[in-house]
Amino acid sequence: MPDRLVINALAMLVTTLTAAACLAQGAGQAGGQAANPVAGTVSASLGHLNDDAYQYGNQAGVNEQGAAPWLALNLRYRPAPDSGDTAYWRIEGERLGLETPRFFLEVGQQGSQRLRVDFREIPRYRFDDARTPLQGAGTAVFTLPQNWQATGATTAGMSNLQESLHEVNLWQKRRSLELDYRRTLGPQWALDVDFRRDTVQGTRTLAGATGATGGNVRALLLPGPLDYETHSAGLSLAYLGDAMRWTLGYHGSFFSNGDRSVLWPTPFGAHPQWGAGVGHPDGLNRMALEPDNQAHQLRASGSYTITRRTRLYLDAVLGRQSQDEQFLPYTVNSQLAVTAALPRESLNARVNTSRLDLRLSSRPLSRLNLSTRIGYRDRDNRTPIAAYQRVRGDAVDQQAFADARLNRPYSLAEARASLEATWRFSSRLRLEAGYEFTDTDRDYSEVETTREHGVRLGLRSTQLDTLALALSYQHQRRRTDDYIGNRPYIQTHMPGTIDAEDFENHPLLRKYYLSERDRDQLRLHADWYPLSQLSLGAALAWNRDDYPTGYFGLNKSQVLSATFDVSYTPAEDFSVSAFYSRDRYRNDQSGRSFRGSVPADAFNPGRNWQVSATDHFETVGLNLEREQLQPRLGDWQASGSVDVSLQLAHSRSRGEIATEAGPALTNAPLPDLGTRLNTATMAARYHLSAQSSLRFALERELYRSSDFAFDNVEPDTLANVLLFGQDSPRYKATWVSLSYRYQY
């Protein structure tokens, strides 16, 4: 990517010039009366990757075979205390020249002002073996090969699919530039101004569909564009008094998408239920992408010391979010009948938000601490409601007005209250307890009101000099008013066109975040120091969610986590540490399969199904470090010392999905999911002098994964969906690097 090379080249140039200036400044000051030293390190490195490893670049910053140079530095300048100079600066650069660079600069005057500049890149490499016949990957307009053949409405009718496939890379890269300026206006006043620009570019997976009903829909995966840009800015004024502190601020965010929509031709042959000009070769489809939008927020926060033992905190926020991107036409297909215009030129979306949080912290007794919180949050959606007569899937004529759908302006209001207490039996033993309550009211939802109560009890102890313990238990109970599953279905249709008993989702289906729930959580943490050189740690966490029986959806969820670590330091220059962690997630779900064309299916228990999904994650690691070794070979003794380190890590996951189905359904077992990652890093740093050193590092990483959604699934495996046909990621990478570091 040429732009990456330009950015990194400029960053390396700035880094080099800065380092040179630092050397010159440090040398000039060394001969003066008052030295204002430059301290820090500068290093230059060269690495080599033995083979292409696409996903390896997510962390390492390089994924193509060959050599790669990069720079790093960490320098700071602080004036001598008696010099009278208040200027200072700090500059940091990491991995400059690789795919994951970070550059940080801070300049300022002590007690007066400072400016920070922070730039970084974060890549995300997903697949480099996706295949598609579409031309124009990563753009907003796709085309098919000129000789494309589609003799039927399934992938089997794509007679020249295999010779038309070509590989595309699916990736994204986020670039972030942040500026932050602070100015001290007086002994108790400060002004902050910040600006941030984020861009996300790449090629992502989009799903496009042609058709109107479950029986005639045809879909494909698109290598769609990713071209986001977000600008955000903030301004705040702070007062930092002894008894009172407050901040008034504004924050604005402005999002823009470089592409309004994607346009693609229909690769499937015409379906008998489609309208005129829908299938290949005339069929054309359009899908809108994320619209431009903006958000504004005013915030006031502060604290006031009422008495020596009581303090009040306040945080109040007012915001507005808006989106008025002009609508696209109902359809891009000019051969379909469209008799009614769009009801509005744009959604004209407006959402007003407000939040108020109050916290009172007090110590009424020498051993008792109390904290009370009261909060309120309101999301008032003022988006106007309109009836939209859709042209479904660019495939059929426009709907009649009676079949139009209405948009839902979701709103909610949430009130929260909590009380926390801590009782100290002694300086080494304390008991913690708490209660919290949340009341939420929603519009356009299956449930209008939810109420949640939670209690927490904890104990922390350091009674023994060599042992620290922390234990806590929490129970939460959520209850709701009547769950009316078809309420959103009725509210989004024209009044009177839907009967009260009609439904889209099964009447027994419950959304887990709107359903009644009982949650129990248990936490245990222990640190043991049997010797001054040895420490042992253990942490256990258990979480269980139970949902009402007799309904479909998520019925039960359980998480169990355990972590153990050990650290041994027999000498100042030698240390060994290791850890092991294991996590298990289990979710039980149920449902009933039914077809809209066969109403009786919805009431047939023989079409019930259950799924129990269990995921296991294990990670183990070992780290050894030895410093100040003196290499010796026969009579030869090295003049410098060597620091060596070794890191070994192994992690793996396994996903098991057990399914059961009623006699009216056909059921087959699903393969397990799995990942495995092994990493070994060996490094040695040879100190040439007190200021300079050489570092050699060797890293070996092996990654394997298996996912039945990808493996052995070709682009035409499904009859009605054209896929990418990529495989689960697998790679072997060996990364060798040599670095020279100079320390000031």
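These are my notebook entries on three paired strands and the largest pocket of a predicted model.

**Conventions.** I worked on a predicted model, where local features need pLDDT of at least 70, side-chain atom pairs count only at pLDDT 80 or more, and totals for chains, interfaces and linings use all residues. Residues are numbered from 1 along each chain as its sequence is written, and side-chain values use heavy atoms, with hydrogens and water left out.

**Strands.** I took strands as DSSP runs (E, at least two residues), numbered from the N terminus, and counted two as paired if DSSP finds at least two bridges between them. I looked up strand 18 (residues 412-426) and found it joined to strand 19 (residues 429-442) by 14 bridges, antiparallel. The hairpin between strand 18 and strand 19 passes through 2 residues. Across this pair, A421 stands opposite A433.

I then followed strand 19 to strand 20 (residues 449-464), also antiparallel, with 13 bridges. Here T440 faces T450 in strand 20. The hairpin of strand 19 and strand 20 has 6 residues between the strands, and Y444 takes a positive phi near 55° there.

**Largest pocket.** I used a 1 Å grid over the protein atoms alone, a pocket being an open set of points where a 1.4 Å probe fits, with protein on both sides within 12 Å along at least five of seven lines; lining residues have an atom within 4 Å of a point. I noted a volume of about 920 Å³ (the space filled by probe spheres set on the points) for the largest pocket. Its lining has 29 residues, and A288, F327, L328, P329 and Y330 are the closest to the centre. Strand 11 (residues 284-288) gives the largest share of this lining, 3 residues.

Terms used: Helices (H or I, at least four residues) and strands (E, at least two) are DSSP runs, numbered from the N terminus.
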